[in-house]
Amino acid sequence: MPALWHLPVLLTVSAGMILLLGLNRIKLNTYGMDDIASTFVVALSAAIACAGAGILMGSQALAITTLIEMACLFMLLSIASRILMFKIVQSAYAAQGVRRRVLIYGAGQTGQQLAAALQTDDEFETACFADDDINLQKLTILGLRVHAPNQIPALVRRIGIERVILAMPSADQSVRLRLAKRLSGLGCEVLALPSFADIVLRGEEATAAAPVALNSLLGRDAVEDELPETEITYQGRRILVTGAGGSIGGELCRQLARCKPAELVLLDHSEYALYQISQSLREYHPDTQFTSVLGSVEHAELIAEVLNTHKIDVVFHAAAYKHVGLVQENAFEGVRNNVIGTRVVAEESRRAGVERFTLVSTDKAVRPTSMMGSSKRLAELLIQDLATRSEHTKFSMVRFGNVLGSSGSVIPLFQQQIREMGPVTVTHREVTRYFMTVDEAVRLVLLAGTFSRGGDVFVLDMGQPVSIYAMARKMIEASGHAVRDELNPSGDIAIVFTGLKEGEKMHEELLIGSDMLTTPHPKILRAQENQISELAVAGALQDLRRAIDTRDETLLNATIQRCIEADAIEVASSGLPVIPKLTVVGES
């Protein structure tokens, strides 16, 4: 039992050690005690015990166990008092008013650092974590629960999440973009966070070329909110999406999954793309039945098996080669996939008694000058031909312009070039394109399935075409840089004009004719367009197959030119402009 005079001796020694080690100058942080403070407390406790033993040695000495108990008690009270003080500070911040709730996707080091920084923020508070690592799920980190990603939609609705922060800087940009797209439909803002190490080591470069808000590049107001919902139409149906791993196909699958179909069958010839979309859908929609089919739309036996085995009700045909330059250089495979593949899926759908078939087309099919545009126009003509002879299946087509942010579009290319500080490459100062968001494009495709009467071509009122040059300037300026040109030679990033590529147009069009009909929605129009004869379609298909099988470039070009010219004659008979000459394979 220690004597009373021992207490002032130990308190004096303790005060001296606190001042000596600087424990009183260590600031509270989110964890209550940081590593340095904890080390000092332990060291201080040990020093007090040793000092006490030395001072009392030779007199009425305390038992070693008593000194150890006093040291442990001092350490416990030091930590507890500081945590208590920190909680009081947190409560004071929380009492200042309602703060906006944030969900942090990623419970690793960056996510924890962000949560720590927000603990005493006036505007935002961290509600919880989400993480893909099942070892972290259901744990509590920094007083915050870690949830599985598929619980995010429920969390957003239940606790009012306003922002989702992607705190995973080591992940590839493509991974973060896919996550952002998946979460964008939840009604909350999605932001990506660079690592704190990047911010310190690379400074402003870490945030350079931040993705600009895509809607700001449209040149018009987006119409996502104006398009009616389509959940009821596809609820409980069995649906096949071809090209499910692509930009449009993937978004189609995500929106259809929210409609609670009886089954969603995903078909793609890319193993990696199919794996990615399959994993994503199963993670966020665990109660929906998905089937992944690896294969090509050119294989009739595969398509027939899928349609009949799964008793498909609705087909969305989004599988296509879409890059103008690549299809121009690989015309045989482009035509095989875009024309023959479309014919196979459409014909097998008709034989299987599918209720609705919707072809995803492009504005490049209007008066085509490239092999890609011509192949898509031929695909449209095939669908129009089948629509006239189909007793049960309702065939329709949806034609739209470029999709902002899709794979291979100018947006990701410009963002990459801006990150590398240029130059940004534009084909021509005057070139224009129609643009729409991926949500607009997919909602339009889904709506077409409800409006179709057979053989229709649906287009969206997309406003005025957008100048690619103006878009490049806007993206450079939005990233915090200045355009370097004749008027500003000291600017940061230059814009270089490379010239139109083979088969590219200066301006795209959406309509072949001028005869437009309305639909139940004012932003969606139904085009009335002429078509070539059934005999011409059958002859063209036979010649195309022979040209592909024999690799006959001359026959391929002649067949496509014949079909496009026949289509032009039908158009010209209505007093409309004749289709310009197609740039065929081998022409310079």
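These are my notebook entries on one protein chain, looked up in a predicted model.

**Overall make-up**

I began with the whole chain. Its secondary structure comes to 19 helices and 22 strands. Of the 588 residues, 50% are buried. I then turned to contacts with a separation of 6 or more. Residues 24 or more positions apart account for 74% of them.

**Helix α5**

I went to α5, residues 152-159, and asked which of its residues are buried. They are Ile152, Pro153, Leu155 and Val156. Seen down the helix axis, these buried residues fall within an arc of 165 degrees, so they line one face of α5. I noted the general rule beside this: an α-helix has 3.6 residues a turn, so residues three or four places apart point the same way. Next I checked the face turned away from the buried side. Arg157 and Arg158 are the exposed residues there. I also looked just past the helix. Gly160 follows α5, and its phi is positive, near 75 degrees.

**The nonpolar cores**

I looked up the largest nonpolar core. It has 49 residues. Which residues have the most contacts inside it? I found Leu240, Val315, Val335, Phe357, Leu556 and Ile560. Then I listed the elements that each supply at least two residues of this core. The helices are α11 (300-309), α13 (331-352), α14 (371-389), α18 (534-550) and α19 (553-572). The strands are β8 (263-268), β11 (356-362) and β12 (394-400). Helix α14 gives the largest share, nine residues. A second core of 38 residues is separate from this one. Among its members I noted Ile239, Cys253, Val360 and Phe458.

I picked Val315 for a closer look. I left aside its neighbours within four places in sequence. Val315 is then in contact with Leu240, Leu307, Val345, Ser349, Val354, Arg356, Phe357 and Thr358. Leu240 and Phe357 are, like Val315, on the list of residues with the most contacts in the largest core.

**Asp385**

I stayed with α14, where Asp385 lies. Is Asp385 buried or exposed? Its relative accessibility is 3%, so Asp385 counts as buried; the cut-off for buried is under 20%. I looked up its contacts, again leaving aside neighbours within four places in sequence. They are Arg343, Gln531, Glu534 and Val537.

**Cavities**

I wanted to know how many cavities of 30 Å³ or more the whole structure holds. The search finds two. The largest holds about 60 Å³ of space. Its lining is made by Val339, Leu378, Leu381, Leu382, Ile532, Val537, Ala540, Leu541, Leu544 and Cys563. Helices α14 and α18 are the elements that give two or more residues to this lining. The largest share, four residues, comes from α18. I sorted the lining by class. It has 10 nonpolar, no polar and no charged residues. Val537 turns up twice in my notes: it lines the largest cavity, and it is in contact with Asp385.

**Gly246**

My last entry is on a loop. Gly246 sits between β7 (238-242) and α9 (247-257). Its relative accessibility is 34%, so Gly246 counts as partly exposed. I then took the C-alpha to C-alpha distance from Gly246 to Asp268. They are 8.4 Å apart in space and 22 residues apart in sequence.

Conventions. Residues numbered from 1 in each chain as written. Predicted model: local features only at pLDDT ≥ 70, side-chain atom pairs only at ≥ 80, totals over all residues. Heavy atoms only, no water. Buried < 20%, exposed > 50% of the residue type's maximum accessible area, 1.4 Å probe, protein only. Arc of directions from axis to C-beta. Core = buried A, V, L, I, M, F, W, Y, C linked by side-chain atoms within 4.5 Å. Contact = heavy atoms within 4.5 Å. 1 Å grid on protein atoms, 1.4 Å probe; cavity = no way out; pocket = protein on both sides within 12 Å on 5 of 7 lines; lining within 4 Å. Points joined across faces, edges and corners; volume = space filled by probe spheres on them. Nonpolar A, V, L, I, M, F, W, Y, C, P; charged D, E, K, R; others polar.
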